[in-house]
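Subject: Handover of a structure and its findings

Dear colleague,

Please find below the structure that I am handing over to you. My notes on what was found in it follow directly after.

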Amino acid sequence: MSLERLNPAGLSPATGFSHAVTATGGRLVLLAGQTALDGTGAVVGETLPAQFETALGNLLTALAAAGGGPADLARVTVYATDVADYRARAAELGRIWRRLAGRDYPAMAVIGVVRLWDEQALVELDGIAVLP
């Protein structure tokens with residue numbers, strides 16, 4: 001299996017994401033949306049960065065259970081209840097991403113939502129991975 005990250009020169013510079021990711025061979029893993037729920041089902045963290053770290057950790061835990069790691073992520077969608085706050089904290093969120101998932105960025109999108117399933121949740125991440 002191989003993932004190739006494509007960032008064409010004619011598009012804006014890709015910072016913290018890839019414009020396109022191609023996957024060849026392997027097994028497709030569809031990852032359910034993950035919020036900042038702990039093992040008891042309670043939302044933890046009062047701030048967007050705290051919740052983002054837990055949600056990303058949960059996504060990576062689900063991926064690891066399927067036999068994959070961060071470099072196998074082809075696509076991640078982020079659902080945020082406050083896109084302005086997400087943009088304002090982008091540098092901090094990027095540091096969290098790099099610490100937990102490295103610098104192999106998947107194709108990504110951030111979508112603003114009115115609320116998430118758990119009312120206290122500020123962010124949710126889902127994804128698609130391709131494993132060997």
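Is L6 buried, partly exposed or exposed, and at what relative accessibility? The model is a predicted one, and in it L6 has a relative accessibility of 30%, so this residue counts as partly exposed. L6 is located in strand 1, which covers residues 2-6. The C-alpha atoms of L6 and A20 are 5.0 Å apart in space, while 14 residues separate the two in sequence.

Aromatic pair

The count of aromatic pairs comes to one. The ring centres of F52 and Y86 are 6.3 Å apart and the planes stand at 70 degrees; because an angle over 60 degrees counts as edge-to-face, the pair is edge-to-face. F52 belongs to helix 1 (residues 48-65) and Y86 to helix 2 (residues 83-88), so the pair ties together parts that lie 34 residues apart in sequence. F52 and Y86 are both buried. For Y86 the relative accessibility is 12%, and buried means under 20%, which is why Y86 counts as buried. Between Y86 and V123 the C-alpha distance is 9.1 Å, with their positions 37 residues apart in sequence.

Largest pocket

The largest pocket holds about 500 Å³ of space. Its lining is made of 17 residues, and T15, G16, Y86, A90 and V110 are the ones nearest the centre. Helix 2, helix 3 (90-101) and strand 5 (107-112) are the elements that each give two or more residues to this lining. Helix 3 supplies the largest share, with six residues. Y86 thus appears in two places in these notes: in the aromatic pair with F52 and among the lining residues nearest the pocket centre.

Salt bridges

How many salt bridges does the structure hold? There are three salt bridges, and they are described in turn.

- E53 and R99 meet through their side chains, with an N to O distance of 3.1 Å. This pair links distant parts of the chain, since E53 is in helix 1 and R99 in helix 3, 46 residues apart. E53 has a relative accessible area of 31% and is partly exposed, whereas R99, with 53%, is exposed.
- D85 and R89 form a salt bridge at 2.8 Å, N to O. D85 is partly exposed, at 24% relative accessible area, and R89 is likewise partly exposed, at 28%.
- R115 and E119 form a salt bridge in which the closest N and O atoms are 3.8 Å apart. With a relative accessibility of 64%, E119 counts as exposed, whereas R115, at 43%, counts as partly exposed.

Nonpolar surface patch

Which residues form a nonpolar patch on the surface? The patch consists of L28, L30 and I128, and together they have about 300 Å² of accessible area. L28 is part of strand 3, which covers residues 27-34. The relative accessible area of L28 is 56%; because exposed means over 50%, L28 is exposed.

Two glycines in loops

G26 is found in the loop between strand 2 (20-24) and strand 3. With a relative accessible area of 54%, G26 is exposed. G26 and A55 are 29 residues apart along the chain, and their C-alpha atoms are separated by 25 Å.

G67 lies in the loop that runs between helix 1 and strand 4 (73-80). Its relative accessible area is 60%, so G67 is exposed. From G67 to L31 the C-alpha distance is 12 Å, and the two residues are 36 apart in sequence.

In brief, helix 1 and helix 2 are tied together by the pair of F52 and Y86, and helix 1 is linked to helix 3 by the salt bridge of E53 and R99. Helix 2 and helix 3 both contribute to the lining of the largest pocket.

With kind regards

Definitions and conventions: Residues are numbered from 1 along each chain as its sequence is written. This is a predicted model: local features need pLDDT of at least 70, side-chain atom pairs count only at pLDDT 80 or more; totals for chains, interfaces and linings use all residues. Side-chain values use heavy atoms; hydrogens and water are left out. Patches are made of residues with over 30% relative accessible area and no salt bridge: like charges are joined within 9 Å, nonpolar side chains (Val, Leu, Ile, Met, Phe, Trp, Tyr) within 5 Å. Accessible areas come from the Shrake-Rupley method with a 1.4 Å probe; for residues, only the protein chains shown count as cover. A salt bridge is a side-chain nitrogen of Lys or Arg within 4 Å of a carboxyl oxygen of Asp or Glu. Helices (H or I, at least four residues) and strands (E, at least two) are DSSP runs, numbered from the N terminus. Buried means under 20% relative accessible area, exposed over 50%, partly exposed in between (1.4 Å probe, protein chains only). Rings of Phe, Tyr and Trp (its six-membered ring) pair if their centres lie within 6.5 Å; planes under 30 degrees apart count as stacked, over 60 as edge-to-face and the rest as tilted. On a 1 Å grid over the protein atoms alone, a cavity is a set of points where a 1.4 Å probe fits but cannot get out, and a pocket is an open set with protein on both sides within 12 Å along at least five of seven lines; lining residues have an atom within 4 Å of a point. Grid points are joined across faces, edges and corners, and a volume is the space filled by probe spheres set on the points.
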